[in-house]
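Trainee: I am new to this structure. Please take me through one part closely, and then show me what lies around it.

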Amino acid sequence: MCCSLAAVLGVLVHVGVTRQTVAAARDKALEQLHDAARAYEAGEALPPESGLDPAGLPQSLRQLALSGRRGTVVAERDGRPTMWAAAPADGRTLATAVDYEQSARTITGLDNAIIGSSVLAIGGTLLVGGFAVRRVTRRLHQTATVARRISRGELDARVGDTGRGASARLDEVATVARALDTMAGTLQAKLVSEQRFTADVAHELRTPLTGLQAASELLPEGRATDLVRERVRTMRRLTEDLLEISRLDSGSGVVETDLHRLGRVAERVVRAAGTDTEVVVVRDAHVETDRRRLERVLGNLVVNAHRHGRGPVVLTVAGPVVTVRDHGEGYPEYLLAHGPQRFRSGGGGKGHGLGLTIAVGQAEAIGARLEFRNAGSGGGGGGGGGGGGAEAVLTLPWPPAAGG
């Protein structure tokens, strides 16, 4: 806009001044031609720079005069710009010349001034505009960076951009930053409140459930007693899972890392689960991790495969990558799109949907990446012995020195 405005103004000024300058020179030449015509008619001597058929008269102007009309034209004479004026005189051409060099210099100087001032104005505007825009974009990038940190779970991230001075209320970037900080603070407060509520409820349930389990052991044997004991055990597992999720959300747990052989850890998990799971060690590896948390992740994946999938269930170790695969119908679409969700289970009512949630949280705590996908073409799963089933892939970070 600045360049366009400067160009338009420069053209308008150039055209206006040029017209005025040319008009003034033309009026002077015509006035001098009028004086020469009166002197010619009176038989007097012609004024200086006037004459009949003078040398250097442009041919176009000569033809115009011979046709019986008057006219003016700017042309070169002896290398100098000259305003010529001519009129008919008894079949000949009466002409006069006026020096046009000063007028030409005036127009040239004006053009140079317009170009110079336009360049200075555009340069200054671009510098100031670039500084202002860069300042705004830098603050917008900072706000976007904080928004991404919040989306990754860093709820204590803040922009802290409140603007400066009285213009802060008119600063749109500061308004967006304040809105983002307010949203993050509100979201953090709600999540902390929910985490505290979940932890408090789970903690308060542990004591009565412990007493209830002890009391159930005193009941006489029978179908009803077995049902009560099973429900009590389910409630205790649910309470322990809620406490673990609460600790994962708050990040209060301590990660105790050590060097472990991944194949041995996998075999220990399968034995502890008591399930018919095949362990295949393609390439064993040493990993530096928290063994308790790693066993929790693998155990949950194995139990989930048996509970919601179909056999055979295979746990494969290939370097720092562990894959747990069943041959059932695969993971539901919502899990593949959004990840595990609490209290949402695709197993027809089996489980509470917390096992995979805990596995994801524990994997993040030890710096591992847990991915869910369906085996076979199209990612749609499929039962049967060949290519279907669900796959959970755990990728552990390599230690400084790895072995196989």
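Mentor: Start with the hairpin made by S2 and S3, which has two residues between its strands. In the turn sits Asp78, and its phi is positive, about 55°. Bear in mind that this is a predicted model.

Now follow the two strands. S2 covers residues 71–77 and S3 covers residues 80–89. They run antiparallel, and seven bridges join them. Take Val73: it stands opposite Trp84 in S3. Ala75, in turn, stands opposite Thr82 in S3.

Step back to the sheet. The hairpin strands belong to an open sheet of four strands, in the order S1-S4-S3-S2. The pairing is antiparallel. S1 (50–52) and S2 are the edge strands, and each of them pairs on one side only. From one strand to the next, the twist averages 30°.

Helices lie against this sheet. Helix H1, residues 2–42, packs on it and touches S1, S2, S3 and S4 (92–99). The direction of H1 makes about 135° with that of S4. Helix H2, residues 59–66, lies across S2, S3 and S4. H2 runs at about 20° to S3.

H1 also has a helix partner. Two packed helices are described by the angle between their axes and the distance between the axes. The axes of H1 and H3 (residues 101–151) come within 10 Å and cross at roughly 170°. Angles over 145 degrees count as roughly antiparallel, so H1 and H3 are roughly antiparallel to each other. On the H1 side, the residues that meet H3 include Cys2, Cys3, Ala6, Val13 and His14. On the H3 side, Ser103, Ile107, Leu110, Asp111 and Ile114 are among them. By class, the contact of H1 with H3 has 11 nonpolar residues, seven polar and one charged.

Next, a second sheet, for contrast. Five strands form it, in the order S6-S8-S9-S11-S10. This sheet is open too, and its pairing is mixed. S6 (277–283) and S10 (369–374) stand at the edges with a single partner strand each, so one side of each is left without a neighbour in the sheet. Neighbouring strands here are turned by 15° against each other on average, direction ignored.

Look at the S10 edge. Six bridges join S10 to S11, residues 390–395. These two strands run antiparallel. One bridge pair can be named: Arg373 has Glu391 in S11 as its partner.

Another helix pair is worth tracing. H6 (residues 262–273) and H7 (residues 291–308) pack at an angle of about 55°, with their axes 9 Å apart. An angle that is neither under 35 nor over 145 degrees, nor from 65 to 115, counts as oblique, and H6 and H7 are therefore oblique to each other. The crossing of H6 past H7 is right-handed. H6 brings Leu262, Val265, Ala266, Arg268, Val269 and Ala273 to the contact. H7 brings Arg291, Leu294, Glu295, Leu298, Gly299 and Val302. Sorted by class, that makes eight nonpolar residues, one polar and three charged.

Stay with H7 for one more residue. His308 is found in this helix. His308 counts as partly exposed, because its relative accessibility is 31%, and partly exposed lies between 20% and 50%. His308 and Gly328 are 20 residues apart in sequence. In space, their C-alpha atoms are 7.6 Å apart.

One more helix, H9, spans residues 355–365. Its buried residues are Leu356, Thr357, Ile358, Ala359, Gly361, Gln362 and Ala363. After H9 comes Gly367, which has a positive phi near 80°.

Finally, the whole chain. It holds nine helices and 11 strands. Of its 404 residues, 35% count as buried. Among contacts in the chain with a separation of 6 or more, 62% are between residues 24 or more positions apart.

Technical notes. Residues numbered from 1 in each chain as written. Predicted model: local features only at pLDDT ≥ 70, side-chain atom pairs only at ≥ 80, totals over all residues. Heavy atoms only, no water. Pairing = 2+ DSSP bridges. Axes fitted to C-alpha atoms, helices over the stretch in contact; angles between N-to-C directions. Left-handed = near helix turned anticlockwise from the far one by under 90°. Contact = heavy atoms within 4.5 Å. Nonpolar A, V, L, I, M, F, W, Y, C, P; charged D, E, K, R; others polar. Buried < 20%, exposed > 50% of the residue type's maximum accessible area, 1.4 Å probe, protein only.
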